[in-house]
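Visitor: Please walk me through this one, starting wherever you think best.

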Amino acid sequence: MAENTASATSSEVPVQKTDILIVEDEAVLAKAVSKRLNRNGYQTRIAGDLKSAYRYFKEQTPDMILLDMRLPDGSGLDFLADLREQQQSQVPVLVMSAYGELEDAVAAMKLGAADYLKKPVDLDELVLNVEKVMEKATLSRKLDYSATRERHASAESVQFLGECEALKQVQEQIQRIAELTRQQTDAPPPTVLILGETGTGKDVLARLLHDHSARQEQPFVQVDCASLPKDLIEAELFGHEKGAFTSAHSARTGLIEAAEDGVLFLDEIGEIPLDLQSKLLAVLERRVVRRVGTTQERPVDAWFIAATNRDIDRLVEQGEFRSDLYYRLNVLSVRLPPLRERGDDILLLARHYADRTAKRYGLGQVQFSKDAEQAMQDYNWPGNIRELRHIIERAVLLSAGGEISRAGLGLNASERPPEPTTDSSEALSADTTLEEAEYNLIKQALERTEGNVSQAARELGITRMALRYRMKKHGFDS
Ligand SMILES: Nc1ncnc2c1ncn2[C@@H]1O[C@H](COP(=O)(O)OP(=O)(O)OP(=O)(O)O)[C@@H](O)[C@H]1O
């Protein structure tokens, strides 16, 4: 088992270097990655297994983690789930997964990974990705009004492609909602809740709503509720006065106030803790906000848009999301269909991303073979448009122009999750697959605990987040 540490060889520049924790058990790969990152000015540490990863993490919180999915002592997913549970999810994680582990990569993205790279890892691509992820993390860490404003101003123009019936309806909804925002009333426009699986375009949709609304010249402030540490969310959202808590050295405007007459986009709303849900409800009901450490109330005119890829009805049923807040948010709702239900839009989007990538890298025009088109239509796209974009970009780069075949896409129908068996007594029979056994064990634990997720997780010896992820994977959540 490989385990060692490595750091940048020389430090001509006396500034603190970005510290990257590489969690990878293939020693040769880990060293190659480390060497390459060192050459680009990053400092690295290598953990050959999860145990060392936890230890290194505890010793010093890294600026970023490169995470392999299969480690000798467990799954990278569990590590990711734990980071989240320990409210450390603000550390960006770039996942490296081998061919055939795409489901894991998608699951990792759902758990908040910043991006994923397919193995074998191309070191140039890796460096580009690291830079991109670090840039994004720095931006979101700033999290202040001007940063959000700049980001919005410099963002690429929003594209919302799709011609299928379901997307046409969504586009009509956007127009209708935009019209509502132009009506002359004193009240801000009704709250919108955007629902849809990961990668279906909820973020894009929220920006479109803003860009088509009467508030397009006003700020668009995005809050990723999943990546903000729980103990900071309140101060970030509501702001605080100087001295409100130990590290509050100066007063700070919260993001709700920063959104002013614009839009406050609460992404991953399903992740906010219950106590904060009550506070948010109060803001929506009374349209005032109170900074932490003061009794003074300030009026709120922001237009609230929220999004989640979680099954929010289920969260309400399980008491994890307040029903009154749900009703407040769900005044207007827009549901984005998964990519697999968008028919020919799959090919339309694939061509769009293929042309864009070919143009960007100066390659010739790219075509898809008939069987590649069929493979895209047959695949179930668990990561939706985000996954499609990754697959196409990669296929175009590897094909270096010309025709992309089915094999060139690297899609594998067997990547669809296997149908779970319903007979729990089969959990450990000789021909049971690991997936089936896992499904059965979770089912039994949930039955025994009458659906109490925390207790079931304890019984199974995994974290609650890890169980949640697995429940979702096996369809218990939908
Ligand atoms: N209709 C569309 N046309 C073109 N590109 C799209 C469309 N919808 C989504 N995308 C692209 O797909 C990617 C994922 O979109 P987005 O981040 O909005 O998804 P999401 O639903 O917010 O995902 P998550 O739940 O994981 O946050 C982005 O690169 C986005 O530009």
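Guide: We can start from the record: UniProt positions appear in the numbering used here, feature names are shortened, and an annotation may be inferred rather than shown by experiment. Residues are counted from 1 along each chain as its sequence is written. The model is a predicted one, in which local features need pLDDT of at least 70 and side-chain atom pairs count only at pLDDT 80 or more, while totals for chains, interfaces and linings use all residues.

Visitor: So which residue does the "modified residue: 4-aspartylphosphate" annotation cover?

Guide: According to the unreviewed UniProt entry, that annotation covers Asp68. In the model, Asp68 is part of strand β4, residues 64–68, where strands (E, at least two residues) and helices (H or I, at least four) are DSSP runs numbered from the N terminus.

Visitor: Is Asp68 buried or exposed?

Guide: Asp68 counts as buried, because it has 27 C-beta neighbours inside 10 Å. The cut-offs are 20 or more other C-beta atoms within 10 Å for buried, 12 or fewer for exposed, and anything in between for partly exposed, with C-beta atoms placed from the backbone.

Visitor: And what is Asp68 in contact with, leaving aside its neighbours in sequence?

Guide: Beyond four places in sequence, Asp68 is in contact with Val23, Glu24, Asp25, Gly76 and Met96, a contact being two C-beta atoms, placed from the backbone, within 7 Å.

Visitor: Zooming out, how many helices and strands does the protein have?

Guide: The protein has 20 helices and 19 strands, and 38% of its 478 residues count as buried. Of the contacts with a separation of 6 or more, 71% are between residues 24 or more positions apart.

Visitor: Let's turn to the ligand, then; which residues come nearest?

Guide: Among the 16 residues around the ligand, Thr198, Gly201, Lys202, Asp203 and Ile385 come nearest, where a residue belongs to the surroundings if its C-beta atom, placed from the backbone, lies within 6 Å of the molecule. Two elements, α8 (202–212) and α16 (384–399), each give two or more residues to this shell.

Visitor: Why does it lie between domain 2 and domain 3?

Guide: Domain 2 (149–335) and domain 3 (341–415) both give residues to the shell around the ligand, so the ligand lies between them; the bounds come from an automatic or database domain assignment.

Visitor: What about Asp211, in helix α8?

Guide: Asp211 lies in that helix and is partly exposed, because 17 other C-beta atoms are within 10 Å. The C-alpha atoms of Asp211 and Ala178 are separated by 8.8 Å, although the two residues are 33 apart along the chain.

Visitor: Switching to helix α4, how many of its residues are buried?

Guide: In α4 (residues 102–110), 7 of the 9 residues are buried, so the helix is largely enclosed by the rest of the structure. The buried ones are Leu102, Ala105, Val106, Ala107, Ala108, Met109 and Lys110. Their cover includes α3 (76–85), β7 (93–97), β8, α16 and α20 (464–473). Just after α4 comes Gly112, with a positive phi of about 105°.

Visitor: Where else is phi positive, in residues other than glycine?

Guide: Glu268 has a positive phi of about 55° without being a glycine, and Trp381 is another such residue, with phi near 45°. Glu268 sits in the loop between β13 (263–267) and α11, and Trp381 is in the loop between α15 (370–378) and α16. Glu268 counts as buried because it has 20 C-beta neighbours inside 10 Å, and Trp381 is buried with 23 other C-beta atoms within 10 Å. Arg287, just after α11, also takes a positive phi, of about 55°.

Visitor: Which residues does a cis peptide bond join?

Guide: A cis peptide bond joins Lys119 and Pro120, with omega about 0°, and Pro120 is in the loop between β8 (115–118) and α5 (123–142).

Visitor: One last spot: where is Gly254?

Guide: Gly254 is in the loop between β12 (252–253) and α10 (255–258), and it counts as buried because 24 C-beta neighbours lie inside 10 Å. The C-alpha atoms of Gly254 and Gly239, residues 15 apart along the chain, are separated by 3.4 Å. Leaving out residues up to four places away in sequence, Gly254 touches Glu236, Leu237, Phe238, Gly239, Val289 and Arg291.
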